[in-house]
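Visitor: I would like a close look at a single part of this chain. Please take one helix, say how its sides differ, and then place it in its surroundings.

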Amino acid sequence: MDEARRRFKITAEVLVEVADAAILREAALDRVAEAGFVANGDRGVDEVRAAERDAVRADVTASLDWVVDADAIVADAVGVEVVGSTVSVGKEGAAGAGAEGLPDFAALFPVCHCGSDDCDDCSGFQMTPRSAAILWAVAQLHADFAYDDVQQFGDTPVSEKDGGWTAFADYPRITWGQDAVWRRQAARAFDDLAADLAAGQLPLATCPGEEMAMHLMLRSAQAAAADGWGVPPEKLNLLPEHEDDFDWDLAVDVLLQDEDILHLFDEQLDGIEDPESEENQRFRIGDYRPEAWFKPFQNAEPRDGRRPFRR
């Protein structure tokens with residue numbers, strides 16, 4: 001081998017301490033926004049990017065992965081070319097975000113394994129312990145993100161130019177100008193759905209705010225189950241397996257009355273939130289103006305108005 005082209009392997013170990021997780025998360029989200037992604041299986045490019053954003057928001061380790069540049073270990077213009085590199089970020093301390101105090105979902109959601117067509121449980125939807133654990137964990141995370149946004153931004157309108165938002169930039173644009181009181185209600189929607197799960201009940205949305213929360217939870221749950229975050233694997237593996245684990249498509253059909261709220265993301269349908277608009281009446285979706293987001297659906301039992309906010 002020509003000595004001028006010999007290859008060497010450099011091994012280095014760097015110990016870092018995260019002094020400001022919010023700044024780290026924002027830097028990682030900026031890199032996710034700039035990165036090029038490709039479709040992965042049945043997930044399109046936008047879904048893959050959204051899943052990576054969720055992972056960064058949920059776990060500081062994922063954030064570190066995005067800001068570490070292993071190639072930078074070698075100085076430029078010194079007669080050396082980096083031909084390959086790998087990065088592995090090891091966790092120190094707690095097992096992972098979103099799983100502290102995990103309820104006993106094996107007891108809360110007992111499932112049937114008979115598989116008979118005559119069995120009401122097996123022939124329908126079963127909330128399995130593992131699915132419940134993932135949904136509960138991502139609900140906790142989204143609530144934390146929303147409360148963080150309230151504390152950091154208050155009544156400030158969401159801006160596409162400000163990458164510091166961890167929750168409300170993922171909401172429809174018609175909500176971006178809402179105040180801190182509205183945002184706290186949105187944060188509590190995640191807590192309410194998590195509380196349903198912790199009580200052994202299906203998390204059924206009772207208002208548009210909870211409907212939006214459930215859509216975001218299901219999206220994050222799919223990514224968390226696929227990529228191994230939300231609930232640490234060692235905790236998830238303690239729960240019984242079931243063939244219905246992580247059937248998120250069926251969960252959408254059961255846990256949500258419809259997907260009308262997703263129309264609000266379509267710029268071509270701007271104004272559809274108003275029940276007096278032609279498009280709203282054509283789709284018969286009801287009142288989705290922000291001021292109506294926390295009014296109960298007519299066919300839903302209202303939440304206790306005296307329940308507190310977590311923070």
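**Helix α9 and its surroundings**

Guide: The model is predicted. The buried residues of α9 pack against two other helices, α5 (129-153) and α7 (208-227). Helix α9 itself covers residues 248-255, and its buried residues are Trp248, Ala251, Val252 and Leu255. Viewed down the axis of α9, these buried residues fall within an arc of 105°, so they line one face of the helix. The face turned away from that buried side carries Asp249 and Asp253, which are exposed. Buried here means under 20% relative accessible area, and exposed means over 50%.

Helix α9 also takes part in a pocket. Together with α1 (21-34), α2 (45-58) and α7, α9 gives two or more residues to the lining of the second largest pocket. Helix α7 therefore appears twice in this account: as a packing partner of the buried residues of α9, and as a contributor to that lining. The second largest pocket holds about 1,300 Å³ of space. Its lining consists of 40 residues, and those nearest the centre are Asp46, Ala50, Arg53, Asp170 and Arg219. Sorted by class, the lining has 19 nonpolar, 17 charged and 4 polar residues.

As for the chain around these parts, it has 10 helices and 0 strands. Of its 311 residues, 41% are buried. Among contacts with a separation of 6 or more, 68% are between residues 24 or more positions apart. The chain exposes about 17,800 Å², with carbon and sulfur atoms supplying 47% of that area.

Technical notes. Residues numbered from 1 in each chain as written. Predicted model: local features only at pLDDT ≥ 70, side-chain atom pairs only at ≥ 80, totals over all residues. Heavy atoms only, no water. Buried < 20%, exposed > 50% of the residue type's maximum accessible area, 1.4 Å probe, protein only. Helix = DSSP H or I, 4+ residues; strand = E, 2+ residues; numbered from the N terminus. Arc of directions from axis to C-beta. Contact = heavy atoms within 4.5 Å. 1 Å grid on protein atoms, 1.4 Å probe; cavity = no way out; pocket = protein on both sides within 12 Å on 5 of 7 lines; lining within 4 Å. Points joined across faces, edges and corners; volume = space filled by probe spheres on them. Nonpolar A, V, L, I, M, F, W, Y, C, P; charged D, E, K, R; others polar. Areas by Shrake-Rupley, 256 points an atom, 1.4 Å probe, with all protein chains shown as cover.
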